[in-house]
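Student: I am new to this and would like to learn how to read a structure step by step. Could you walk me through it?
Tutor: Happy to, so let us put it in front of us.

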Amino acid sequence: MAEDLIRAALEEAQSFRPARPDGLLNPEAWPYRLTEAGVQKRQKVGDELQWRLFAPPLEVLADLRDGEGRGWSRLVGFRDRDGRRHEIPLAMAEIGAGRGAELLALLASGGYETPIQSTARSDLLNCIMQARPAARLRKVERLGWHGGAYVLPDQVIGAPQGERIAFQPPGDFEHAFRAAGSLEGWREEIAAPCAGNSRLALSLCMGFAAPLLALLEEEGGGVHLRGGSSLGKTTALNVAASLWGGGEPGYVRSWRATSNALEGVALAHNDGLLCLDELGECDPRAAGEAAYMLGNGIGKGRASRSGSARAVARWRLLFLSTGELSLSDKIAEAGAGKRARAGQELRFLDLPADAGAGLGIFERLPEGRAPGDFSKALKEAARRHRGWAGPAFVLWIASRREEVREAAKAFMAEFLRRATSEKTAGQAGRAARRFALIGAAGELAREAGILPWPSGEALRAADLCLRVWLEERGGDGSAEARAAVEQVRSFLEAHGASRFQSAEVSGERVIERLGFWRPGPEGAREYLVPASSFKRVLAAGHDPKLMLQALKAAGILRTEGEALAAQSIYIGAEGQSMRVHVLRLREEGPDHG
């Protein structure tokens, strides 16, 4: 699609603005009318019926309700004394429950001069409650896809299926989905210079990938750029944020938030990209919970006023995070023994921000530019040109959903064919799918005429970042298996000489004895650990069976045949046979995943 057509279409896209209703609604039965002078009530004065003005001008614009016919509200509109337009939904249940004073206060907070007299206030609520506006809209409380339409705070992109949509978030809603500059300026000053820089390209493509989650039924999750200060991590956030809105402060949020506040932030980025800066500012106890919550897309269960369970908040999103610490390091700050679980790390893919070219996050610089100058130029460009590329991509998707779905699947399949193998474990495979989605989104944005990159550039960046992630992780096997093997290896290296007694020397005193040792092949020690001690100490925090499988695959567990069960071995120091697991460390061995 030509750039000028994209811009024209986006500029024309507006949120619903119903026509002003007639000044006199149902005049025979309704004792109120809405006029440019204000709200009037028909009263009998002497022998005559007269219209009396009792409130400033107000319009009852439309009925709102959700897709299941619940949560009915009346959308009213007015102008404050500055001439600014306000449209506020008033919940009919609140009026019916006698909480009209709270709704009038809501109008007053927007600048509407509500009547002081109790009779006039009651009349105003009756007028709103009894009105019969012609327009009926489907109320949605979160952004993103609803049918064939993509809802943003100030516009609905695409054609809604069945009825018009109105975005009505619960409570106060602040957002940074605001456009500035031009799409052409964004392409020239931000997108084009990012090509050849894998971390920047990946960050930028994540902004295009987020609206594809629902279309492709892919799971949400994030990428965390980890490294020291002055590498350019915040620059990557600003580049990604420029697709949808302002950079810092604005669209880029801080990790310094409680999990409850983060839930609201996640809802405000449904089907979109959430940018979070500096993980180090997050409470260590909340970091792991946040990783699960953001990736799973499910908020906490809460009770309503009546005590019954409220609907749980749900969302789909991708998040780009930065910080000097990894998620594991952050969780470890909460106390001894705390560590990130595989599920948390999978939702929070940790990637070194340093690209390894001696230029921080960059691998390629414009001619004559130093890293600091280039970073400053990108941040400044993101401030000037923002909020166009993301909506333009959604507009392109909305007009060809099936075509986009098939093209994205093809890009992802080719990526996964090249980047994975039959030995790739499920966790690494799921991570590879996220990188595949990000790369495919960039290729689609190029086909849409939004990204000015050569074919294959987005997939190249995603592939490079996946390989770095796998290398940092230690391979494409199971994270639990790696952690289990490392736990046993570390314990034996630290305590092999102090907590194990010679299997042949009786009477030797060993404090907190865990098991026995005996000479193995080529002078290496073999550790004989009773099954009960193995479960209680070595396998602490892990599934014992899975740990045994991982140790066998790593060449550490010695077994009789394929069985994992403990062996019956005669222990001379005890003068009896005992059921023990036989462990032996070695410098090199099979890949233990």
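Student: Let me start with a single residue: is R74 buried or exposed?
Tutor: This is a predicted model, and everything here is computed from it. Buried means under 20% relative accessible area. R74 has a relative accessible area of 4%, so R74 is buried. You will find R74 in strand β5, which covers residues 73-79.

Student: Which side chain makes a polar contact with the side chain of R74?
Tutor: That partner is D63, whose side chain makes the contact at 2.4 Å. There is a backbone neighbour too: the backbone oxygen of M129 lies 2.7 Å from a polar atom of the R74 side chain.

Student: Now the whole protein, please. How many helices and strands does the secondary structure hold?
Tutor: It comes to 21 helices and 22 strands. The protein has 593 residues, and 51% of them count as buried. It exposes about 27,400 Å², with carbon and sulfur atoms supplying 47% of that area.

Student: What share of the contacts join residues at least 24 apart in sequence?
Tutor: Taking contacts between residues at least 6 apart in sequence, 66% join residues at least 24 apart. For a single case of closeness in space, look at H542 and A484, which are 58 residues apart in sequence and 6.9 Å apart from C-alpha to C-alpha. H542 sits in the loop between α20 (531-538) and α21 (544-553). With a relative accessible area of 16%, H542 is buried.

Student: Which residues have the most contacts inside the largest nonpolar core?
Tutor: They are W186, L204, F208, L212 and W453, in a core of 97 residues. Helix α17, residues 426-447, gives the most to this core, with 11 residues. You can also follow W453 outward: leaving aside neighbours within four places in sequence, its contacts include A191, C194, L204, R446 and A458.

Student: How should I describe two aromatic rings that pair?
Tutor: A pair of aromatic rings is described by how far apart the centres are and by the angle of the planes. This structure holds 13 aromatic pairs. In one of them, the rings of F319 and F348 have centres 5.6 Å apart and planes at 50°, so the pair is tilted. The two residues come from distant parts of the chain, 29 residues apart: F319 is in strand β15 (residues 317-323) and F348 in strand β16 (residues 348-352).

Student: What is the relative accessible area of F319, and what is the relative accessibility of F348?
Tutor: For F319 the value is 0%, so F319 is buried. F348 also counts as buried, at 2%. Another pair to look at is F362 with F374: the centres are 5.0 Å apart and the planes are at 50°, so this pair is tilted. F362 lies in the loop between β16 and α14 (371-384) while F374 is in helix α14, so the pair ties together parts 12 residues apart in sequence. Both F362 and F374 are buried.

Student: Which residues form one aromatic cluster?
Tutor: The members are W145, Y150, F177, W244 and Y251.

Student: Where does the charged end of R401 sit?
Tutor: It sits over the ring of W145, 4.9 Å from the ring centre. You can look for a similar arrangement at R525, which lies over the face of W517 at 3.8 Å from the ring centre.

Terms used: Residues are numbered from 1 along each chain as its sequence is written. This is a predicted model: local features need pLDDT of at least 70, side-chain atom pairs count only at pLDDT 80 or more; totals for chains, interfaces and linings use all residues. Side-chain values use heavy atoms; hydrogens and water are left out. A nonpolar core is a set of buried Ala, Val, Leu, Ile, Met, Phe, Trp, Tyr and Cys residues joined through side-chain atoms within 4.5 Å. Buried means under 20% relative accessible area, exposed over 50%, partly exposed in between (1.4 Å probe, protein chains only). Helices (H or I, at least four residues) and strands (E, at least two) are DSSP runs, numbered from the N terminus. Contact means heavy atoms within 4.5 Å. Rings of Phe, Tyr and Trp (its six-membered ring) pair if their centres lie within 6.5 Å; planes under 30 degrees apart count as stacked, over 60 as edge-to-face and the rest as tilted. A charge sits over a ring if NZ of Lys or CZ of Arg is within 6 Å of the ring centre and within 35 degrees of the ring normal. Accessible areas come from the Shrake-Rupley method with a 1.4 Å probe; for residues, only the protein chains shown count as cover. A polar contact is a pair of N or O atoms within 3.5 Å; within protein, one must be able to donate a hydrogen and the other to accept it, and residues adjacent in sequence count only if both atoms are side-chain atoms.
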